[in-house]
Amino acid sequence: MTDATTIPTNARRGPTLKTQRVLALLLLIAQGGITVTGATVRVTGSGLGCNTWPNCHEGSLVPVAGAAPAIHQAIEFGNRLLTFVLLALAIAVIWAVYKAGRRQELKTLAVVSLAGIFVQAVIGGISVWLDLKWWAVALHFLPSMILVWIAAVLFARLPEPDDGVRRRAFSQGARIAALVSGVLLAVVLITGTMTTGAGPHAGDDGVGMEGRLEVNIDLMAHIHGWLMYAYLAAILITIWMLYRSRADKKALRTGWALVAAIVVQAIIGIMQYRMGVPRWTVPIHIGMSSVVTCVTAFLWAHGVVRFPAAKHERESLAA
């Protein structure tokens, strides 16, 4: 989504730009991937395969034979282990941007990513202590989307020159439309957690509907769907404004890629509803939520970019 050939002027003192981007991409994929494994924990009823935190079981950091079904322990404990993969990747990204002497914006995004992983781990532990109440699980999922957004912006910003000139890449109206789209995405995600919270997948095989959100799931699903359509409309308006402002082709490609992702996500959601929310559809729907969030962040990042100072001066003279 961003021109990877742009070399920051001070990026040669440490890891290359390519290395920085590979690490940032792996972090982005892992941030989205752990939501898929978390959804797998939920739909397989493995949420209390490890029934405490930070230990798996009382007095044991690892699974204990007979304490819970072996498959549930393996799925839940495996999901917990992925947190350490995320931590390693976040630390690697921090090392890369600091070693390369990158600008403060990138360092801040990298550090916030690491801090967010610790916060997420604590929230996950609290949700276990609360026996996977629907709202606790929702609060565990939503920060993951924030971390996906941060990782996506970091990945998009890396190729920009640290000593470049910040400039708005498309009109203020398109920028506002992109902001409205981001807000609508947040509302779509929140109502999505409420729809899941009212549904049959509690996360623990023995809980059933205990602790679930007591609303009409049909109504909740329709509200979630209507908001998704509103979000799609906002993105289409944003793209129209991008064309009017003669925005960069990368921004336009990103906008249409986002439309495609939203349509795929909508189709999956409709299939879920009509099929009675079969287990296998949930991780796919969650995974696409990360994709949609990621591409929305890319579009937002295209709104203000850093250009090399010489290029900015030439374009100012031409104007």
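Reading from the N terminus, the elements of this protein run α-α-α-α-β-α-α-α-α-β-α. That comes to 9 helices and 2 strands. Keep in mind as you turn the structure around that this is a predicted model. Of the 319 residues in the protein, 51% are buried. Look next at contacts between residues at least 6 apart in sequence: 78% of these join residues at least 24 apart.

Let's start with the helices at the front of the chain. Two packed helices are described by the angle between their axes and the distance between the axes. For H1 and H2, the axes are 9 Å apart and the packing angle is about 160 degrees. An angle over 145 degrees counts as roughly antiparallel, so that is the label for H1 relative to H2. The crossing of H1 and H2 is left-handed. If you want to trace the seam between them, the H1 side includes Leu23, Leu27, Ala30, Ile34 and Val41, and the H2 side includes Leu82, Leu86, Leu89, Val93 and Val97. There are polar side chains in this seam too, among them Gln20 and Gln31 from H1 and Glu76 and Asn79 from H2.

Now move one helix along. The axes of H2 and H3 come within 8 Å and cross at roughly 165 degrees. H2 and H3 are therefore roughly antiparallel as well, and their crossing is left-handed. On the H2 side of this seam you'll find, among others, Arg80, Leu87, Ile91, Ile94 and Tyr98. They belong to a set that meets H3 residues including Leu106, Lys107, Val111, Leu114, Ile117 and Phe118. Some H2 residues appear in both seams: Thr83, Leu86, Ala90, Val93 and Val97 are among those that meet H1, and they are also among those that meet H3.

The loop between H1 and H2 deserves a stop of its own. Ala67 lies in this loop and is partly exposed, with a relative accessible area of 41%. Leaving aside neighbours within four places in sequence, Ala67 is in contact with His57 and Gln73. Ala67 and Cys50 are 17 residues apart along the chain, and their C-alpha atoms are separated by 8.6 Å.

What about the aromatic rings? The structure holds 2 aromatic pairs. One of them, Trp53 with Trp129, is edge-to-face, with 6.0 Å centre to centre and 70 degrees between the planes. Trp53 sits in the loop between helix H1 and helix H2, while Trp129 is in helix H3, so the pair ties together parts that are 76 residues apart in sequence. Trp53 is partly exposed, with a relative accessible area of 25%. In the other pair, the ring centres of Phe155 and Phe298 are 6.1 Å apart and the planes stand at 50 degrees, so this pair is tilted. Phe155 belongs to helix H4 and Phe298 to helix H8, so to speak of distance along the chain, the pair links parts 143 residues apart. Both Phe155 and Phe298 are buried.

Rings also meet charges here. Arg175 lies over the face of Trp300, at 3.5 Å from the ring centre. Arg167 has its charged end over the ring of Phe307, 4.2 Å from the centre of that ring.

Two more residues are worth clicking on. Thr193 is found in helix H5. Is Thr193 buried or exposed? With a relative accessible area of 10%, Thr193 is buried. Not counting residues up to four places away in sequence, Thr193 touches Trp134, Ala138, Phe141 and Leu142.

Met228 lies in helix H6, which spans residues 217-244. Met228 has a relative accessible area of 9%, so Met228 is buried too. Setting aside neighbours within four places in sequence, Met228 is in contact with Val188, Ile262, Gln265 and Ala266. For Ala266, the C-alpha to C-alpha separation from Met228 is 7.4 Å, although the two residues are 38 apart in sequence.

Methods. Residues are numbered from 1 along each chain as its sequence is written. This is a predicted model: local features need pLDDT of at least 70, side-chain atom pairs count only at pLDDT 80 or more; totals for chains, interfaces and linings use all residues. Side-chain values use heavy atoms; hydrogens and water are left out. Helices (H or I, at least four residues) and strands (E, at least two) are DSSP runs, numbered from the N terminus. Buried means under 20% relative accessible area, exposed over 50%, partly exposed in between (1.4 Å probe, protein chains only). Contact means heavy atoms within 4.5 Å. Rings of Phe, Tyr and Trp (its six-membered ring) pair if their centres lie within 6.5 Å; planes under 30 degrees apart count as stacked, over 60 as edge-to-face and the rest as tilted. A charge sits over a ring if NZ of Lys or CZ of Arg is within 6 Å of the ring centre and within 35 degrees of the ring normal. Axes are lines fitted to C-alpha atoms, for helices over the stretch in contact, and angles run from 0 to 180 degrees between N-to-C directions. Angles under 35 degrees count as roughly parallel, over 145 as roughly antiparallel, 65 to 115 as roughly perpendicular and the rest as oblique. A crossing is left-handed if the near helix is turned anticlockwise from the far one by less than a right angle, and right-handed if clockwise.
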